[in-house]
Amino acid sequence: MKKKAKKTQPPENNIKDSEIRTFRDLIKYARENKIIIGLIFAFTLLIYANIITGDFVNLDDLSVALKLPIIQDFKLAMKAGDGHTMIMSATYHIFGENSSAFHVQSIIMHMINGVLVFSLLRILFDRRISIIGTFLFLAHPANTEAISWHAGQIYALRANLILPILIFFALYRKSGIKKYLVISNFIYLIGMMFFQTQGWMFIAPFLLVLMDQFLIEKKINFKNIKFYLPIMIISLAFAAILLPRSFKVRVEELNTLYYVNTEASTPLINRIPYIIYMEFRTLFYPKVLSIYHEGKYISPVEYSFMIVVTLAVISGIIYFLKKDRRVSGLLLMILFSILPSFSPVIIAWLAAERYLYIPSIFSSVLIALFLMWVEGKINKNSKNEKSELKKNFGTYSFLIILVLYSIRTVARNVDLRNSKNLWIATKKTAPYSYRVYNNMGDVLANEGDLDGALENFKRSVALKPDYADAVHNIGHIYMVKKDYPQAIFHLQKSLDMNPRLYPSAYKLGIIYAGQGEYEKAKSYFENCLEFSPDNPDCIQGISAVEQLMLQKDQSQ
């Protein structure tokens with residue numbers, strides 16, 4: 001008799017190249033790719049290492065924000081209900097006013113997003129695309145504004161939430177396991193509750209629908225609307241509650257703090273070509289990076305080219321609907337990722353690199369798909385023996401782009417290390433920006449170069465005569481120089497331009513108190529408290545002049 005063959009256990013399936021359908025598959029895939037995940041951490045640290053010891057910069061200065069009661073008192077931060085404020089307050093209480101601590105925090109957020117992008121792309125594409133797309137995203141120079149500038153951190157933080165929303169929804173669509181849909185919507189609910197600032201979380205539902213219809217489905221399937229109902233209901237509920245108030249507050253901020261005339265702004269139809277051109281130029285050719293994009297005269301020829309680029313993007317979306325739906329979907333996801341920029345009433349800047357943090361994921365995937373397509377064409381058309389270069393054209397091309405991206409990112413980090421570097425660099429890219437000269441004036445004033453500071457502040461006012469901040473700064477320099485008539489003139493002028501500019505009122509109070517005009521001084525200190533009710537300097541100023549008035553009365 002023949003002996004029965006012993007049954008052997010089949011080897012455990014390797015899922016490196018198989019479809020990922022469940023969270024368990026994803027965890028197993030992560031374990032199989034420990035080296036790649038380790039490289040994600042190491043590479044991110046390597047290209048952002050030179051920003052870790054960078055200073056706070058005088059642009060939406062975090063060091064100023066850290067002095068606010070809402071940051072210094074963690075209980076107040078908790079009561080505010082804003083997730084980013086809570087995180088900043090917690091970091092402040094652990095590390096104090098330490099710029100490096102906040103830089104490391106942003107880098108860690110970027111590392112986490114790298115792992116999340118790697119996971120999402122592997123669910124949607126093959127392993128090679130996911131690796132190329134992830135590392136291009138990590139190195140993308142446009143992301144320096146979100147990672148290396150303290151105030152941009154919130155964009156990386158929101159991505160820490162938006163990416164899991166997409167991951168769990170994609171797993172639900174692949175597996176049909178309902179708990180993934182519940183988790184996806186729960187994360188979105190948390191995001192809307194604690195990270196609702198400026199409405200950027202509202203892009204998540206649009207990205208989710210586009211991902212489903214273009215990257216998961218093979219054709220438009222309207223029946224899938226039932227999968228979107230929970231996230232749509234959450235969005236509509238929060239839109240009804242938050243948008244009217246948030247919209248009004250944001251418009252007021254832009255008008256009073258940033259001097260953007262929202263009522264006299266260019267109509268949306270005319271803004272669209274500029275927005276799309278700037279987004280695609282920065283994503284696919286990130287050579288010129290600037291914290292400001294303003295003041296430049298756009299010639300008819302340049303604007304015509306922007307229209308051509310816009311039409312090319314729209315044509316590309318239509319063309320690839322039949323050719324490769326994934327490309328159409330990625331192009332649409334790039335556009336919908338900056339949805340607030342397309343608001344009819346301006347509620348966001350038309351162009352800002354920090355806005356491109358999430359779009360850079362999709363542009364990186366497009367580059368990966370293009371490289372793989374070219375490699376396929378080369379190998380298909382090669383009749384003779386294929387060389388190593390032809391076989392791996394996509395990999396070598398990816399490595400060249402990665403090196404170029406990394407060099408530009410490291411160089412941009414140098415610009416963002418301190419205020420002086422930032423404004424010297426920004427002067428080159430935005431020489432007609434009134435805010436550049438105002439901020440450069442601040443730097444020179446802190447260095448003790450009062451004449452240089454005054455020259456920059458005056459240049460700022462020459463570019464924008466109604467810029468109250470620069471007029472106030474001119475008054476401040478004259479005050480330091482003890483030229484009090486000029487100081488009073490400019491400080492009063494800035495206050496007339498912008499009554500919310502309470503530092504002008506405070507300084508006028510100081511000047512008049514020094515001149516013995518106590519009633520005037522008191523009225524300015526009180527004016528200061530109207531817009532900064534808990535300002536200790538203004539409260540102390542009122543107390544001091546009241547005491548001086550009492551002494552004056554007693555001496556008479």
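What share of the contacts in the protein chain with a separation of 6 or more comes from residues 24 or more positions apart? The share is 68%, where contact means heavy atoms within 4.5 Å.

This is a predicted model, in which local features need pLDDT of at least 70 and side-chain atom pairs count only at pLDDT 80 or more, while totals for chains, interfaces and linings use all residues. Residues are numbered from 1 along each chain as its sequence is written, and side-chain values use heavy atoms, with hydrogens and water left out.

**Figure 1. Overview of the protein chain.** The protein chain has 27 helices and zero strands; helices (H or I, at least four residues) and strands (E, at least two) are DSSP runs, numbered from the N terminus. Of the 556 residues, 52% are buried. Buried means under 20% relative accessible area, exposed means over 50%, and partly exposed lies in between (1.4 Å probe, protein chains only). About 27600 Å² of the protein chain is exposed, and carbon and sulfur atoms supply 62% of that area. Accessible areas come from the Shrake-Rupley method with a 1.4 Å probe; for residues, only the protein chains shown count as cover.

**Figure 2. The aromatic pair of Phe169 and Tyr172 in helix α10.** The whole structure holds 20 aromatic pairs. Phe169 and Tyr172 form one of them, a tilted pair with 6.3 Å centre to centre and 55 degrees between the planes. Rings of Phe, Tyr and Trp (its six-membered ring) pair if their centres lie within 6.5 Å; planes under 30 degrees apart count as stacked, over 60 as edge-to-face and the rest as tilted. Both residues belong to helix α10 (residues 153–175), where they are three residues apart, about one turn of the helix. Phe169 is buried at a relative accessible area of 1%, and Tyr172 is buried at 9%.

**Figure 3. The aromatic pair of Phe280 and Phe284 in helix α14.** This pair is stacked, at 5.9 Å centre to centre and 20 degrees between the planes. Phe280 and Phe284 are four residues apart in helix α14 (residues 268–284), about one turn of the helix. Phe280 is buried, with a relative accessible area of 9%, whereas Phe284 is partly exposed at 35%.

**Figure 4. A ring cluster and two charges over rings.** Phe169, Tyr172, Phe227 and Tyr228 are linked into a cluster by ring pairs. Lys226 lies over the face of Phe227, 4.6 Å from the ring centre. Elsewhere, the charged end of Arg459 sits over the ring of Tyr437, at 5.3 Å from its centre. A charge sits over a ring if NZ of Lys or CZ of Arg is within 6 Å of the ring centre and within 35 degrees of the ring normal.

**Figure 5. The disulfide of Cys528 and Cys538.** The structure holds one disulfide, defined as a pair of cysteine sulfur atoms within 2.5 Å. Cys528 is joined to Cys538 with an S to S distance of 1.9 Å. The link is right-handed, with 65 degrees about the S-S bond. Cys528 is in helix α26 (residues 518–531) and Cys538 in helix α27 (residues 536–555), ten residues apart. Both Cys528 and Cys538 are buried.

**Figure 6. Surroundings of Leu45 in helix α2.** Leu45 is part of helix α2 (residues 34–48) and is partly exposed, with a relative accessible area of 41%. Leaving aside neighbours within four places in sequence, Leu45 is in contact with Ile52 and Met111. The C-alpha atoms of Leu45 and Val104 are 9.1 Å apart, with their positions 59 residues apart along the chain.
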